[in-house]
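Here is a structure to walk through together, one question at a time. Have a look at it first, and then we can start.

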Amino acid sequence: MTTETYFVTDMEADGPIPGPYSMRSVASVAYDPAGRLLGQFSVNLQPIPGAATHPITMKWWQGFPEAWAACQVDAREPAVGMAEYAAWVATFPGKAVFVGFPAGFDFMWVQWYLVRFVERTPFMFSALDIKTLVMLWLGSGYSEAYKSQLPPEWTVGLPHTHVALDDAREQGELFVQLMRGLRGRLGYAP
């Protein structure tokens, strides 16, 4: 079996899509296939020169002023911050697998930034969606799959603060619990 490292990732942005708007923070927590924590990384990014902020997104941020302030501390130029991120991902063994909640949104941003500013991506096209795993665990439809329906101990009380590293940690704990639970149901051990 191929070795994989799972990078549970969260990001924060000032708009709905990359390019016209900017990713302001990205964080990942790395796990091996057995669910052991291997490391974590977080970087705040400066806005893309000439990019705008989206009024609906910025109105949403008004509800989380501490998180908005946190993603601006020590912000790096996108090319520098993303090169550091790609170099960190490359320090882990095997195939790098991006994991997000929801993967479709976070992966779009991280992939775009890596290709745009680093000209390569360690994830290729590998993105695993935690919400899909929740759906499978619950035996529900995708739109009915909520974290709140899972055992509360699965997130070990970690907060969802909209600070990228906090949220990556919370989602990482959930990912590990889901993988263990699903593997247990299937009789599979890594």
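Q: Which residue with a positive phi follows helix 6?
A: Happy to start there, keeping in mind that this is a predicted model. Helix 6 covers residues 164–186. The residue that follows helix 6 has a positive phi, near 70°, and is Gly-187.

Q: What distance does helix 6 reach from its first C-alpha to its last?
A: Helix 6 has 23 residues, and at 1.5 Å a residue the expected value is 33 Å. The model comes close to that, with a reach of 32 Å.

Q: In what order do the five strands of the open sheet lie?
A: A good way in is from the edges, where strand 3 (37–44) and strand 5 (127–129) each pair on one side only. The pairing in the sheet is mixed, and neighbouring strands are turned by 25° against each other on average, direction ignored. Reading across the open sheet, the order is 3-2-1-4-5.

Q: How many bridges join strand 2 to strand 3?
A: Strand 2 spans residues 23–31 and runs antiparallel to strand 3. Tyr-31 stands opposite Leu-37 of strand 3, while Ser-25 stands opposite Asn-44. The number of bridges joining strand 2 to strand 3 is seven.

Q: Which residue takes a positive phi in the hairpin of strand 2 and strand 3?
A: This hairpin has five residues between the strands. The phi in question is near 90°, and the residue that takes it is Gly-35.

Q: Is Ser-25 buried or exposed?
A: Ser-25 is found in strand 2. Residues that Ser-25 touches include Asp-10, Met-11, Val-43, Cys-71 and Ala-164. Its relative accessible area is 3%. Because buried means under 20%, Ser-25 counts as buried.

Q: What is the length of the polar contact that joins the side chains of Ser-25 and Asn-44?
A: Ser-25 and Asn-44 stand opposite each other, with Asn-44 in strand 3. Their side chains are joined by a polar contact of 2.9 Å.

Q: What angle does helix 4 make with strand 1?
A: Both helix 3 and helix 4 are worth a look here. Helix 3 (residues 78–89) packs on the sheet, and its direction makes about 175° with that of strand 3. Helix 4 (residues 103–117) lies across strand 1, strand 2, strand 4 and strand 5. Against strand 1, helix 4 runs at about 90°.

Methods: Residues are numbered from 1 along each chain as its sequence is written. This is a predicted model: local features need pLDDT of at least 70, side-chain atom pairs count only at pLDDT 80 or more; totals for chains, interfaces and linings use all residues. Side-chain values use heavy atoms; hydrogens and water are left out. Two strands pair if DSSP finds at least two bridges between them. Helices (H or I, at least four residues) and strands (E, at least two) are DSSP runs, numbered from the N terminus. Axes are lines fitted to C-alpha atoms, for helices over the stretch in contact, and angles run from 0 to 180 degrees between N-to-C directions. Contact means heavy atoms within 4.5 Å. The expected span of a helix is 1.5 Å times one less than its number of residues. Buried means under 20% relative accessible area, exposed over 50%, partly exposed in between (1.4 Å probe, protein chains only). A polar contact is a pair of N or O atoms within 3.5 Å; within protein, one must be able to donate a hydrogen and the other to accept it, and residues adjacent in sequence count only if both atoms are side-chain atoms. Lists of a residue's contacts leave out its neighbours within four places in sequence.
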